[in-house]
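Biologist: Before we talk, please put the model up so that we can both look at it. I would like to ask how some of the terms are justified.

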There are 2 protein chains.
Amino acid sequence: MPPNSVRVTCTAPVNIAVVKYWGKRDETLILPTNSSLSGTIDKGSMQSKTTITASQSLAHDEMFLNDKPVKLENDKRIYTVVKQLRARAQDVKDSNGRVVLRKEEWGTFKLSIVSHNNFPTAAGLASSASGLACLTSALAALFNAKEKFTGEFSMIARQGSGSACRSLFGGFVKWNMGTKADGSDSMAVQVAPASHWPDMRVLILVCGAGPKKVPSTRGMAQTVATSDLLNYRLSHVVPKRMQLMEQAILDKDFPTFGDLTMKDSNQFHAVCLDTAPPIFYMNESSKRIVNLVHAYNDMVGSISAAYTFDAGPNAVIYVPEKHMNALLGLALHYFSPIHHKGHANAQDFMLDKMNLTKLRPASYESAVNAAHVKQFGDRVTADSGVHQIIVSKLGAGPEITEKATSFGGASKM
Amino acid sequence: MPPNSVRVTCTAPVNIAVVKYWGKRDETLILPTNSSLSGTIDKGSMQSKTTITASQSLAHDEMFLNDKPVKLENDKRIYTVVKQLRARAQDVKDSNGRVVLRKEEWGTFKLSIVSHNNFPTAAGLASSASGLACLTSALAALFNAKEKFTGEFSMIARQGSGSACRSLFGGFVKWNMGTKADGSDSMAVQVAPASHWPDMRVLILVCGAGPKKVPSTRGMAQTVATSDLLNYRLSHVVPKRMQLMEQAILDKDFPTFGDLTMKDSNQFHAVCLDTAPPIFYMNESSKRIVNLVHAYNDMVGSISAAYTFDAGPNAVIYVPEKHMNALLGLALHYFSPIHHKGHANAQDFMLDKMNLTKLRPASYESAVNAAHVKQFGDRVTADSGVHQIIVSKLGAGPEITEKATSFGGASKM
């Protein structure tokens, strides 16, 4: 007799591209017009968390995202992921290897999917990548599905949300665009795990208050349809940049990594501006952060921090640990409401779940010495447009945190 | 006996490009990396005015720009223009055709050059084009120099400030980039006089308050050195766009003219963003104006107004006369301090030296009907970041307003 219910909980990370994905060649299969490469952000800072309960007592599949119901039948992309993993359902065995649910029996189970993003409310950071990666991984665990080849689940996640395919792996991940019409060669692979570059840090400056943004699905389609410059980016710039970026990561060559990261972010926003009508994602605070990072690199004499902006105004700064304190100090000095309203709320403002002990006020305040302020005074305007700062690092891919099979009232695994 | 002094006064117009000049292939001769095309703005709205007095009693050449002394010897570009026209000096004759100054005598005359721009103080609009066009035309008149071929003086003005070559003509003007290393085929020619398209109007929204801008000479050099996308713009986009733009002007085809104008402005700012480090010229007010114009065109159902932004945040909007009142009404509604602070200072805010009588408050206020406000409410945020509005039209090239030869105490011509 099959169990009453099977329950799985999974967490999955956000990823931040350093070679940007912008443009689809197939809207249904979500096949991109270029390859892309990203860093996976530590789930300790931000994550999606999904619990799926499969039960025979449910009348139909249901889903809740951040406590709001989602009509699964109307969301083709989410439903594609559900259908594809359901079709791969296998027997479920208990820890003794005994089959407790035969794959034929899955047909009588409906799903209740409950998903949350724990991002700071004001962040406005992209959640579809982590959300769809989480759904894919949770469904695979629930249905006990196995990949027939490496990257098969990444291909499924891709059909839920393009960049979700990159959130299936930790560290640095590339999404090979592929060339086949059916998308069977368009999937993500890991370039290097987080442990490969242990002193890489990620500083996120949230400055999301601004005009309503163009959703990326619509923005991409407009760029593909109208930008002349995109063609050149796709044919001449990205292929070379992907190679150089991968090599810079393998070599842990920060100056090259940082230079390419900033150039690719700027070029992505350039093709958005070359779109008709033009799309603007960066705001005045974003520009000030750009200026701060270039001023910092000029002062240090080499590229020691690199900003990147997705389809919104928030800055993500990749920075080696040894430059973190100085850069954070400057960011707090120029952008935080702490600077403008006194230091009372430094802890609230700065979300540092990673190494708050290392980043004591004393250390970042000492970083803001008179010389820095003098040097940057002309180039960076103090501004409280940054609402929150998150200190993070690279991390691992999705993780199954719970799998329980319930017979009657009891649960066991 | 030669006269004591010869005095010439000249006025010259600003021009606003619809296919943008951005990039030099020769910094000294000021040879561009692409051809460009502009409209010449009526001198009634904005102009440079230069008076040159040649006198034997001056110890050396001197120049004052907006009442501040300019060291001529240190400004190579200005001095190049002076030297080239001095070398072309001819006999000066009176109205009876009698020679009053033989060209050999010019060697004993020094110049006092006094130049003013009458632009609204806050405008921050480019003045080097009108200023150098004015200097060139004034010197030519002073020295009684004649062009050996059409465009010779445009080539001289070009060496003072690239886009100045286009301010030597009225209406629509193209600057053919040329291919020769010595620049002898890089000059401006008129595409059509202002009278060709009599209902074309120009609305200038001044919103210049913002971070310090990168000077265009430096910005261009950085773009040429670092932008990958610029290459594609130069080789694939501009040549085709120049042809289409010229034809649209000859056909008075506003939808095509406007579409190309907006696309070229956005692409210029896109290559600025693709520069390392990136250059930002547009600010939040600029973006709101972009959104307003697209919203207006969507409402009308065809392209009926077209924005363009030079190396700064100010918007110049080309608009047929029949759409001027509606657009001006919307601009006043959304952007003017009048809207935010009551209607007391409408006349001060709006500089309309052209047809203020036609643009009575009643007509532009009626344009802002409830339907417009409702339709645009989601896309345009009211903002007082626009400091001044100038209503203008196309106009003629430089004009000699005074030429006087003084013998002893008396002047005559």
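Biologist: Which residue of β13(A) does Asn176(A) stand opposite?

Modeller: Asn176(A) stands opposite Met187(A), and I should say at once that this is a predicted model. The two residues belong to a pairing between β12(A), residues 172-176, and β13(A), which is antiparallel and runs over five bridges.

Biologist: What makes β12(A) and β13(A) count as a pair of strands?

Modeller: Two strands pair if DSSP finds at least two bridges between them. β12(A) and β13(A) have five bridges, so the condition of at least two is met.

Biologist: Why are β2 and β13 of chain A said to stand at the edges of their sheet?

Modeller: In chain A four strands, in the order β2-β5-β12-β13, form an open sheet with antiparallel pairing. β2 (15-19) and β13 (187-192) of chain A each have a single partner strand, so one side of each is left without a neighbour in the sheet. Between neighbouring strands of this sheet the average turn is 35°, with direction ignored. Across β2, β5, β12 and β13 of chain A lies helix α5(A), residues 228-250, which runs at about 115° to β2(A).

Biologist: What is the corresponding order of strands in chain B?

Modeller: Chain B also has an open sheet of four strands in the order β2-β5-β12-β13, with antiparallel pairing, and its edge strands are β2 and β13 of chain B, each pairing on one side only. Within this sheet β2(B) and β5(B) run antiparallel and are joined by four bridges, and Ile16(B) has Gly39(B) as its bridge partner in β5(B). At the other end of the order, β12(B) and β13(B) pair over five bridges in the antiparallel sense, with Trp175(B) opposite Ala188(B).

Biologist: Why is β2(B) described as largely enclosed?

Modeller: A residue is called buried if 20 or more other C-beta atoms lie within 10 Å of its own. Five of the five residues of β2(B) are buried, so the strand is largely enclosed by the rest of the structure.

Biologist: How do you know that β14(A) is mostly covered?

Modeller: Seven of the seven residues of β14(A), residues 200-206, are buried. Met200(A), Val202(A), Ile204(A) and Val206(A) point one way from the strand, while Arg201(A), Leu203(A) and Leu205(A) point the other way, and all are buried. As for its partners, β14(A) is joined to β16(A), residues 315-320, by six antiparallel bridges, and Val202(A) has Tyr318(A) as its bridge partner there. β14(A) also pairs over six bridges with β18(A), residues 388-393, in the antiparallel sense, and Leu205(A) is matched with Ile389(A) in that strand.

Biologist: How do you know that the length of α6(B) is close to what is expected for a helix?

Modeller: Helix α6(B), residues 254-273, has 20 residues and reaches 28 Å from its first C-alpha to its last, close to the 28 Å expected at 1.5 Å a residue. Of these 20 residues 17 are buried, so α6(B) is largely enclosed by the rest of the structure.

Biologist: Why are the two copies said to be related as by a two-fold rotation axis?

Modeller: A turn of 180° and a shift of 0.0 Å along the axis lay chain B on chain A with an RMSD of 0.0 Å. The two copies are thus related as by a two-fold rotation axis. Ala270(B) is the residue of chain B that comes closest to the axis, at 2.1 Å for its C-alpha.

Biologist: What makes you say that the copies meet through the same surface?

Modeller: 100% of the interface residues of chain B are also interface residues in chain A, so the copies meet through the same surface. The contact takes 25 residues from each side, chain B and chain A. On the side of chain B, α5, α6 and α7 each supply at least two residues, and the largest share, seven residues, comes from α6(B).

Biologist: Where in chain A does the predictor's confidence stay under 50?

Modeller: Chain A averages a pLDDT of 86, and 84% of the residues score at least 70. The pLDDT is below 50 over residues 338-349 of chain A, and it stays under 50 over residues 351-379 of chain A. The model as a whole scores ipTM 0.86 and pTM 0.89.

Technical notes: Residues are numbered from 1 along each chain as its sequence is written. Chains are lettered from A and ligands numbered from 1 in the order in which they are written. This is a predicted model: local features need pLDDT of at least 70, side-chain atom pairs count only at pLDDT 80 or more; totals for chains, interfaces and linings use all residues. Axes are lines fitted to C-alpha atoms, for helices over the stretch in contact, and angles run from 0 to 180 degrees between N-to-C directions. Two residues are in contact if their C-beta atoms, placed from the backbone, lie within 7 Å. pLDDT is the predictor's confidence in each residue, from 0 to 100. The expected span of a helix is 1.5 Å times one less than its number of residues. A residue is buried if 20 or more other C-beta atoms lie within 10 Å of its own, exposed if 12 or fewer, and partly exposed in between; C-beta atoms are placed from the backbone. Copies are superposed by least squares on the C-alpha atoms of residues with pLDDT of at least 70 in both.
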